[in-house]
There are 2 protein chains.
Amino acid sequence: MLSKSKIKYIRSLAMKKFRNQTRCFLAEGNKLVKDMIPYFECELLVAKSSWIAQQGDLRAGELIAADDNDIEKASLLKTPQDVIAVFKQPDYLLDKEELKQGLSLVSDGVQDPGNMGTIVRLADWFGIKNLICSPDTADIFNPKTVQATMGAIARVKVFYTELPELLADLNDLPVYGAFLEGKNIYEEALSANGLIVMGNEGKGISRPVARHISCKLHIPNYPAGTETSESLNVAVATAIICSEFRRRQNPPNGSSCVR
Amino acid sequence: MLSKSKIKYIRSLAMKKFRNQTRCFLAEGNKLVKDMIPYFECELLVAKSSWIAQQGDLRAGELIAADDNDIEKASLLKTPQDVIAVFKQPDYLLDKEELKQGLSLVSDGVQDPGNMGTIVRLADWFGIKNLICSPDTADIFNPKTVQATMGAIARVKVFYTELPELLADLNDLPVYGAFLEGKNIYEEALSANGLIVMGNEGKGISRPVARHISCKLHIPNYPAGTETSESLNVAVATAIICSEFRRRQNPPNGSSCVR
């Protein structure tokens, strides 16, 4: 049985204000919660008895067996599943030496929770361990974002910090940014370390951040010069840019399709 | 003044049933509607007088000047803008000869309206003129999809048809498909014509369609063999695949970033 106050607490985590106060966040769904439990400290787990019975050792501050009705009341999903978890937000330390040794993603004001989730999933796919966000970027612990990461949030460290200061500090590192007037990404030399900055959905990269970009990149449309959409969605542009960076580092093995 | 029956009619177009009955669809927003008017037959335009005054010649079956209150009642958006348009669904003819001469995208059951919109926007960006969908693909005229295309729906022809029959008919054309067990896309020969098939978000490409795929492609994660997300979102995978096809056809011009 789930108390009214617990239901209220869980639902309050939809709001950033309460996430900040409690330093907690929400994840829902059988697969997502199972994937996340090994990586985050679980404060509260509300689940059907049948789900609990299928798990091994469950480490959770509080474990509450609930019925469909309880879960429906607490859930933020249209189609609630068998389990809702409240996790502690992790406290990562930004390691500038680590940043210098690989590729990192930087969000300068990405606003849409779905885009943020997709970017985290992309970072995970392409082995990018750090995502550094301006303070006005959407909160990574927004439940919609957490769901959209499909669990990738467990493997990518996300930081919020003032970007101009950080970029000034890392000024010996290549800093790439996506701009409509940038250079053709397919032709640029792309390094194995550096920062890739993605801008806000409407406004792009802000001026104070743009000043630190050492290489402006552009994804050319096809054929060049034709009338087309004005830009690509930021998550889609991130996908293409990350793919192109990793393609250059991908060792060939010479297979091919024969019909 | 907008009548109750007009409001009801506009709002009914959120449902596929009524879109099919009327062969109409909805678009909202100052920029989107303006971009779409030259391309589609406009049956009904509901707009603020101030918006109407700013336009040149407006071809619309019926033009209704409305106030904020009317538009709010008719709108499906959280933040209604100044104009709502009802357009006729276009009747395109599937031209198999055109398909043979370029790249086309194929959706085998993509379900999410947002993904469909992003895929249309990508097709437009990468000069792909035809998107062919299985009957169980999400409806391109869903208002959420129309909005997500950001107007690209005007430049990409979308068809619904049984895929196995069509693919059997086009069996001299290369047919590419995204599979987790496919070949490394960065190493495959990719042709300048052919079909690129993207599968359903959960189930991937169906068996009857998979039978017609001549080249299974895979986007490798990085570094190879590490634990990561199980797959990429279908819109993001479409982005990477289209980018890679077009990169091969992109004439180099030898610019580069110097810091």
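This short tour walks through the two domains of chain A and then the place where chain A touches chain B. Keep in mind as you go that the model is predicted.

**Stop 1: the two domains.** Start by selecting residues 4–88 of chain A, which the domain assignment gives as domain 1. Then give another colour to residues 96–248 of chain A, assigned as domain 2. How far apart do the C-alpha centres of these two domains lie? They lie 30 Å apart.

**Stop 2: where the domains touch.** Now look at the contact between them: 14 residues of domain 1 of chain A meet eight residues of domain 2 of chain A. On the domain 1 side, select helix H2 (16–22), strand E1 (24–28) and helix H3 (30–36) of chain A, each of which gives two or more residues to this side. Which element has the largest share? That is E1(A), with four residues. Try colouring this side of domain 1 of chain A by residue class: you will find 10 nonpolar residues, four charged and no polar ones.

**Stop 3: where the chains touch.** Bring chain B into view. The contact takes 43 residues from chain A and 43 residues from chain B. To explore the chain A side, select helix H7 (113–125), strand E8 (175–184) and helix H11 (234–248) of chain A, each supplying at least two residues. Linger on H11(A), since the largest share of this side, seven residues, comes from it. Finally, colour the chain A side of the contact with chain B by class: here there are 19 nonpolar, 16 polar and eight charged residues.

Note on methods
Residues numbered from 1 in each chain as written. Chains lettered and ligands numbered in written order. Predicted model: local features only at pLDDT ≥ 70, side-chain atom pairs only at ≥ 80, totals over all residues. Domains from an automatic or database assignment. Contact = placed C-beta atoms within 7 Å. Nonpolar A, V, L, I, M, F, W, Y, C, P; charged D, E, K, R; others polar.
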